[in-house]
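Dear colleague,

Here is the structure I promised to send. My notes on what was found follow below it.

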Amino acid sequence: MMQLKYLNHYSVQTQNQVTQLIESKGLTAHLLKKYPQSHNVKNDKNLFNYALNIKNEYMKKSNPLSKTVYDGKINVIHNALGTHHFVSRVQGNKLKAKNEIRISLMFKSVPKEFLEMIVVHELAHFKEKEHNKAFYKLCEYMQPTYHQSEFDLRLYLTHMDLQGKLKEWE
């Protein structure tokens with residue numbers, strides 16, 4: 001069976017279905033049928049506002065969001081899709097805390113559901129530090145299709161490994 005590094009924790013049955021989709025050259029068509037176009041959140045200001053709107057809708061009482069940016073230094077293959085930082089600085093006799101989200105540059109050209117999934121994931125870390133049941137419950141609360149979006153994103157990462165980016169989303 002083909003090695004599917006982004007899907008290796010899924011069932012053998014699911015991996016077999018994906019392998020069949022790849023071998024029949026249907027992965028591109030599958031992704032484009034489900035997600036025909038990319039989102040329009042193309043700059044850091046819009047990304048910050050996008051993340052802030054999600055945070056304000058679902059996590060009003062959590063600490064404020066200080067910064068959200070696309071980061072070209074995040075390597076999807078080796079590190080992560082996005083990161084969250086809790087930065088504490090001393091200013092005079094006060095301790096100032098800032099919450100920052102950095103999202104891989106590759107998310108400038110993906111469907112809205114994928115961007116939303118990454119933003120929701122990083123926002124959930126403001127409240128739940130570990131990937132536990134409460135963390136995923138919060139993710140599903142903010143994006144009911146969270147798990148499907150994550151799976152489809154993993155399909156897209158597999159597509160990128162095998163065939164590169166989808167030009168239709170650029």
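**Overall make-up**

Of the protein's 170 residues, 42% count as buried, where buried means under 20% relative accessible area, exposed means over 50% and partly exposed lies in between, with a 1.4 Å probe and protein chains only. Please note that this is a predicted model, in which local features need pLDDT of at least 70 and side-chain atom pairs count only at pLDDT 80 or more, while totals for chains, interfaces and linings use all residues. Residues are numbered from 1 along each chain as its sequence is written, and side-chain values use heavy atoms, with hydrogens and water left out.

The protein has six helices and three strands; these are DSSP runs numbered from the N terminus, with H or I and at least four residues for helices, and E and at least two residues for strands. Their order along the sequence is α-α-α-β-β-β-α-α-α. Among contacts (heavy atoms within 4.5 Å) with a separation of 6 or more, 64% are between residues 24 or more positions apart. The exposed surface comes to about 10,000 Å², and carbon and sulfur atoms supply 50% of it; accessible areas come from the Shrake-Rupley method with a 1.4 Å probe, and for residues only the protein chains shown count as cover.

**Salt bridges**

Six salt bridges are present, a salt bridge being a side-chain nitrogen of Lys or Arg within 4 Å of a carboxyl oxygen of Asp or Glu. One of them joins the side chains of K5 and D161, at 3.3 Å from N to O. This pair links distant parts of the chain, 156 residues apart: K5 sits in the segment before helix 1 (12-23), and D161 in helix 6 (residues 146-163). K5 is partly exposed, at 42% relative accessible area, and D161 is also partly exposed, at 40%.

R102 pairs with D71 in another salt bridge, where the closest N and O atoms are 3.9 Å apart. R102 belongs to strand 3 (residues 94-104) and D71 to strand 1 (residues 65-71), so this salt bridge ties together parts that are 31 residues apart in sequence. R102 also forms a salt bridge with E100, with the closest N and O atoms 3.8 Å apart. D71, E100 and R102 are thus linked in a network of salt bridges. Within this network, R102 is partly exposed at 22% relative accessibility, whereas D71 is buried at 13% and E100 is buried at 9%.

**Helix 4 against helix 6**

The axes of helix 4 (residues 112-127) and helix 6 come within 9 Å and cross at roughly 115°. Axes here are lines fitted to C-alpha atoms, for helices over the stretch in contact, with angles running from 0 to 180 degrees between N-to-C directions. From helix 4, the residues in contact are E113, F114, M117, I118, V120 and H121, and they meet Y146, S149, E150, D152, L153 and Y156 of helix 6.

**Around I22**

I22 is located in helix 1 and is buried, with a relative accessible area of 14%. Apart from neighbours within four places in sequence, I22 contacts M2, L4, L27, T158 and L162. I22 and L162 are 140 residues apart in sequence, yet their C-alpha atoms are 9.0 Å apart in space.

Regards
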